[in-house]
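Here are some notes to read alongside the model. Take them one at a time, and keep the 3D view open as you go.

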Amino acid sequence: MNNTPWSSVAWVLGASFFGSFGALFLKIGAGKLGRSIASVATNWRLMLGVAFYLFSSVLFVLGVRKGELSVLYPMVSLGSVWTLFWSRLVLGEPLTRPKFIALGMILCGIALLGLGTR
Amino acid sequence: MSTSTVSLNDQAQQRRSFILVVCCTIIGAAAQVLIKMGASALGPSPTMVQTAMAMLLNPALFAGYSLYGISTILLVLALRHGQLSLLYPVFAMTYVWVTILSVVVFHESMNPYKLAGIAVIVGGIAVLGKGPST
């Protein structure tokens, strides 16, 4: 018996993908921030980051309509894996050994959850 | 004398950050339960626009995302003064609370695969906080 439909898994993993762009644009926007409130309001990168987060939340809600929260919620952690990639590719942050190990562990964990819900 | 005062302040600061993150995980897990409740109550095939509207109009979804916002603010406050490598493993407690609540509130079943999966992800998040040190 399938407790969590694959469509729900796909929605939630999609949410994690777009959510990682939220983190990326907040980081880029925050780096260009001045002291004034106006510099927050006119910072299009921050706004784009927030928009990505909101879009990601809509996908997450569509995903958890069906299926198990105990499987779908931990799958959001795939977002960290995407974020590690963008940090390396866009921000030029080093992909250190702990990060690489964490990446592998999160992927293994998500695979185990997938096996557990079948 | 002055150094010991500083380290005491440091310790108090760390403890404060620790408590903030624990609160953040409890509120964050409660948020997920409310979001799941609200999402399950949506119609058979809502559009993205309907879903976005429901996040504002459905009480459970709205409450869930409000709590999620509060938990995020608590995490940011904690990270301002606390050490990331110490706080990230604590933050991963959210997964433990969500699992317990899923079983208690939604009567979801547990099996060795799921438990192992959650444990490995919690470990991964904890390792992630280790940051730049190689």
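The points below go from one chain, to the place where two chains meet, and then to a loop.

1. **A word on the model.** Please keep in mind that this is a predicted model. Each value below was computed from it, so to speak, as a description of a prediction.

2. **What chain B is built from.** Start by colouring chain B by secondary structure. You should find six helices and zero strands, and reading along the sequence gives the pattern α-α-α-α-α-α. The radius of gyration of chain B is 18 Å, while the globule rule gives 14 Å for 134 residues, so chain B is more spread out than a compact globule. Along the principal axes, the C-alpha trace of chain B spans about 65 × 35 × 30 Å.

3. **Inside chain B.** How much of chain B is buried? Buried residues account for 36% of its 134 residues. Contacts in chain B tell a further story: among those between residues at least 6 apart in sequence, 78% join residues at least 24 apart.

4. **Where the chains meet.** Now bring chain A into view. In this model, 29 residues of chain A are in contact with 37 residues of chain B. On the chain A side, α3 (44-64), α4 (69-75) and α6 each supply at least two residues. Which of the helices gives the most? That is α6(A), with 14 residues. By type, the residues on this side of chain A divide into 18 nonpolar, seven polar and four charged.

5. **A helix pair across the interface.** Two packed helices are described by the angle between their axes and the distance between the axes. Try this on helix α6 of chain A (residues 97-116) and helix α6 of chain B (residues 112-128): their axes come within 7 Å and cross at roughly 165°. Angles over 145 degrees count as roughly antiparallel, and α6(A) and α6(B) are therefore roughly antiparallel to each other. The crossing of α6(A) past α6(B) is left-handed. Residues of this contact comprise 17 nonpolar, five polar and two charged.

6. **A helix pair within chain A.** The helix α6(A) also packs against a helix of its own chain, α5 (residues 78-89) of chain A; these two axes come within 9 Å and cross at roughly 145°. Here, too, the crossing is left-handed. From α5(A), the contact uses L78(A), S80(A), V81(A) and L84(A), and from α6(A) it uses K99(A), L103(A), I106(A), L107(A) and I110(A). Sorted by type, they are seven nonpolar, one polar and one charged.

7. **An unusual backbone angle.** Most residues other than glycine have a negative phi. Look now at H107(B), in the loop between α5 (93-106) and α6 of chain B. Phi of H107(B) is near 55°, a positive value in a residue other than glycine. Is H107(B) buried or exposed? It has 7 C-beta neighbours inside 10 Å, so H107(B) counts as exposed.

8. **A loop residue that reaches chain A.** E108(B) is also found in the loop between α5 and α6 of chain B. With 19 C-beta neighbours inside 10 Å, E108(B) counts as partly exposed, because the buried class begins at 20. Leaving aside neighbours within four places in sequence, E108(B) is in contact with E68(A), L69(A) and S70(A), as well as S102(B) and V103(B). By contrast, T25(B) lies 83 residues away along the chain, and its C-alpha atom is separated from that of E108(B) by 20 Å.

Definitions and conventions:
Residues numbered from 1 in each chain as written. Chains lettered and ligands numbered in written order. Predicted model: local features only at pLDDT ≥ 70, side-chain atom pairs only at ≥ 80, totals over all residues. Helix = DSSP H or I, 4+ residues; strand = E, 2+ residues; numbered from the N terminus. Rg over C-alpha atoms; globule rule 2.2 N^0.38 Å. Buried ≥ 20, exposed ≤ 12 C-beta atoms within 10 Å, placed from the backbone. Contact = placed C-beta atoms within 7 Å. Axes fitted to C-alpha atoms, helices over the stretch in contact; angles between N-to-C directions. Parallel < 35°, antiparallel > 145°, perpendicular 65-115°, else oblique. Left-handed = near helix turned anticlockwise from the far one by under 90°. Nonpolar A, V, L, I, M, F, W, Y, C, P; charged D, E, K, R; others polar.
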